[in-house]
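Here is a guided walk through a fold, written to be read with the structure open beside you. Rotate the view as you go and follow along strand by strand.

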Amino acid sequence: MAVHDSASSPIMPTQPTNLFATAFADGSVHLKWTKNNPYGVTFFIEASVDGGAWTQVFATKRGSLKLYGFPAGTTTSFRIKAENRGIVSASSNESIIYPQGSQESFLQIAA
């Protein structure tokens, strides 16, 4: 008789791609990305404000999300990691809202 292990192997999470952040005047940010993973994988959203340390700001199983509390003019970078049963993927591309110098460029054009 053959011995069978009934425990399933964890699904190796794949790096999320195509992250895009859109900022709104009310301080909210809409994030959208390509999941590249099956249902059940968790996505950790990380943010870095003005080039500081990365901090996890949310976790979801969806491929898009709206976050609040990101004031206009504060340079904030976002990235996503996929996780399944303790195994974490590489980070997605970074997407930046209010990149440094963007307001100065806008003011020069408007003047």
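Val 29 stands opposite Leu 67 in S5. That pairing belongs to the contact between strand S2 (residues 29-34) and S5, which run antiparallel and are joined by 4 bridges. Two strands are taken as paired here if DSSP finds at least two bridges between them. Strands are DSSP runs of E with at least two residues, helices are runs of H or I with at least four residues, and both are numbered from the N terminus.

Before going further, please note that this is a predicted model, in which local features need pLDDT of at least 70, side-chain atom pairs count only at pLDDT 80 or more, and totals for chains, interfaces and linings use all residues. Residues are numbered from 1 along each chain as its sequence is written, and side-chain values use heavy atoms, with hydrogens and water left out.

**The three-stranded sheet**

S2 also pairs with S1, again in the antiparallel sense, over 5 bridges. The result is an open sheet of 3 strands in the order S1-S2-S5. Strand S1 (17-23) and strand S5 (64-67) each have a single partner strand and stand at the edges, so one side of each is left without a neighbour in the sheet. From one strand to the next, the twist averages 15°. In general, strands of a sheet pair through backbone hydrogen bonds, either parallel or antiparallel.

His 30 is a handy residue for tracing this sheet. On one side, His 30 in S2 is the bridge partner of Thr 22; on the other, the bridge partner of His 30 in S5 is Lys 66. The charged end of Lys 66 sits over the ring of Phe 24, 4.9 Å from its centre. A charge counts as sitting over a ring if NZ of Lys or CZ of Arg is within 6 Å of the ring centre and within 35 degrees of the ring normal.

Which side chains of S2 are buried? Val 29, Leu 31 and Trp 33 point to one face and are buried, while His 30, Lys 32 and Thr 34 point to the other and are not. Buried means under 20% relative accessible area, exposed means over 50%, and partly exposed lies in between (1.4 Å probe, protein chains only).

**The nonpolar core**

The buried residues of S2 lead straight to the core. Val 29, Leu 31, Trp 33, Ile 45, Leu 67, Phe 78 and Ile 97 touch the most other members of the largest nonpolar core, which has 17 residues. Such a core is a set of buried Ala, Val, Leu, Ile, Met, Phe, Trp, Tyr and Cys residues joined through side-chain atoms within 4.5 Å. S1, S2, strand S3 (42-49), S5 and strand S6 (76-84) each supply at least two residues of this core.

Leaving aside residues up to four places away in sequence, Trp 33 touches residues including Pro 16, Leu 19, Phe 43, Ile 45, Leu 65 and Ile 80, where contact means heavy atoms within 4.5 Å. Phe 70 and Phe 78 are both buried. Their ring centres are 5.2 Å apart and their planes are at 70°, so the pair is edge-to-face. Rings of Phe, Tyr and Trp (its six-membered ring) pair if their centres lie within 6.5 Å, with planes under 30 degrees apart counted as stacked, over 60 as edge-to-face and the rest as tilted.

**Hairpins and positive phi values**

S3 and strand S4 (residues 55-60) run antiparallel, joined by 5 bridges, and Phe 43 stands opposite Thr 60 in S4. The table gathers residues with a positive phi.

| Residue | Place | Phi |
|---|---|---|
| Gly 27 | hairpin of S1 and S2 | near 90° |
| Asp 50 | turn of the S3 and S4 hairpin | about 50° |
| Asn 18 | strand S1 | near 55° |
| Tyr 98 | loop between S8 and helix H1 (102-110) | near 50° |

Asn 18 counts as exposed, at 54% relative accessibility. Ser 92, in the loop between strand S7 (87-88) and strand S8 (95-97), counts as buried at 7%.

**The whole chain**

The secondary structure comes to 1 helix and 8 strands, running β-β-β-β-β-β-β-β-α from the N terminus. Of the 111 residues, 33% count as buried.

How values were computed:
Axes are lines fitted to C-alpha atoms, for helices over the stretch in contact, and angles run from 0 to 180 degrees between N-to-C directions.
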